[in-house]
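Reader: I'm new to this. Please pick one chain of this model and take me through it closely.

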Amino acid sequence: MTHSLHREGSIESLEKDYAVFIYPARGYNYKGCVPKVRHLVEIVYQVGPANMIATTLRKNMYSDVTPEEVLGSIKEGCRVFTVFNSREKIKSLLQGFKDADEGISIVVSGLIDRVRDIAAEVGLDPHTINLSLGIHGGTEHLPPAEIRQFTTMCGHAMVSPKLVEDVIRQVKTGKIDSWEGSWVLAKPCACGIYNPHRSQELLEELSPLYVVTRW
Amino acid sequence: MPAIDKEKCTGCRICQTYCTVDAIDFGHRKCKINQELCTECYVCLRMRVCPEDAIYAEELVGFYKQFQHVISDPVENHGVTGVTGRGTEEVKTNDVSGRVKRGWIGLSIDMGRPGLGVYLRDAEKVAMACAKAGFKLAPQEESPLAALMPDSSTGKLEDGCLDYRLLSVIIEGRCEEGKAKDVLRALKKVEKEVETVFSVGLISRVDENGHCRALEFLDELGMPQPHRGKVNPGMGKPLSTD
């Protein structure tokens, strides 16, 4: 899965967008991982995620699911995908994970310099990095860059460009507000790393610039 | 695979808004799924986007059809790797698995991403170009695409699968650091031969100074220096020190 690696947008916007993965390794530390993953998820809740999903439940934070249900769903091999909208929260999260020392793999995805700085502040040395070398091939077929800011927040491409355009239209015409629009866009993302807070800001920036032909 | 009951369809076209790859046609006041373009991602079914409940699932017949769905729909769990999404752990557990060791470079080539989809014939072109340049493609236990690859040393896929379209699929593998430049050069060449896009992730162990040597030759190849990345800070146990 590389679904968080290639998010697009301005540096300013991406500074408020960090995806985090809690990942037991198959064949290495699956056995006995349940209480460890559960403890790490409790730390996630304490810090306050912008979105989250456990692979054993597959309901993101905007699907009427309680923390108790998420914690109760965790079984052997459960992975957790989550997203945070500030540097301070990521630092606090990594500190919490480091103190917990549960031995489960953690990955933070974001602006590489920022993530490395934060890790260093917490006293963590990167073991491995995966760097985005961008998009290649027939890029002329892609939707416009401003739409890709939204669609690439779901790396599996579950959020269609047409849905983004439709939500911009609905926000522009006052049918829904920018937060409601962000919920609509977050729902198809089955991995729970669509960041509705960033999406809301983007909707507020973009909707004044769009011309609406259908009301 | 998804289909639309034309008796129930009122032609509201909401499903077209949600379709990830523009695979729903509209004509004679009805919507119809274009089976040539559909990648079986199941967003329309899972989200129950049709207010008339006109979209239903038909049985997926044959291994390739099921493969198409399992890889395109991130909710599905890949049988061999045991991982959801596109079915690969990639760098996320490298602190434990040691899949990419010091002196080696890993690549994850995300075919069809972002959002265009990919015919497996294009994935084959890229896999073969990389293999020819010295890239060792990941085996079936690590990468679902290898299930369609009788010989991973060539990257050639089974002929029967080539016309299947997926929302995206990852070509994964590794090479010695010294060969990484050749592999990236091969990617630059083959990008002109595919009908879609691909996003590239470069995976590397970090040396004691926090350095990744592969970055030094990106400028020479005309590839942009990365500003986004994933960091595995080595919290997994038992820790791989290779």
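Author: Start with one term: a residue is buried if 20 or more other C-beta atoms, placed from the backbone, lie within 10 Å of its own (exposed: 12 or fewer; partly exposed: in between). By that count, 51% of the 215 residues of chain A are buried.

The model is predicted, so local features need pLDDT of at least 70 and side-chain atom pairs pLDDT 80 or more, while totals for chains, interfaces and linings use all residues. Residues are numbered from 1 along each chain as written, and chains are lettered from A and ligands numbered from 1 in written order.

Now the elements. Chain A has nine helices and five strands. They are DSSP runs, numbered from the N terminus: helices are H or I, at least four residues, and strands are E, at least two. Read chain A from the N terminus and the order is α-β-α-β-α-β-α-β-α-β-α-α-α-α. Helix and strand take turns up to the fifth strand. Four helices then close the chain.

How compact is chain A? Its radius of gyration (over C-alpha atoms) is 18 Å. The globule rule, 2.2 Å times the number of residues to the power 0.38, gives 17 Å for 215 residues. The two values are close, so chain A is as compact as a globular protein of that length. Its C-alpha trace spans about 55 × 35 × 30 Å along the principal axes.

Last, the contacts (C-beta atoms, placed from the backbone, within 7 Å). Take those in chain A between residues at least 6 apart in sequence. Of these, 74% join residues at least 24 apart.

Key: Contact = placed C-beta atoms within 7 Å.
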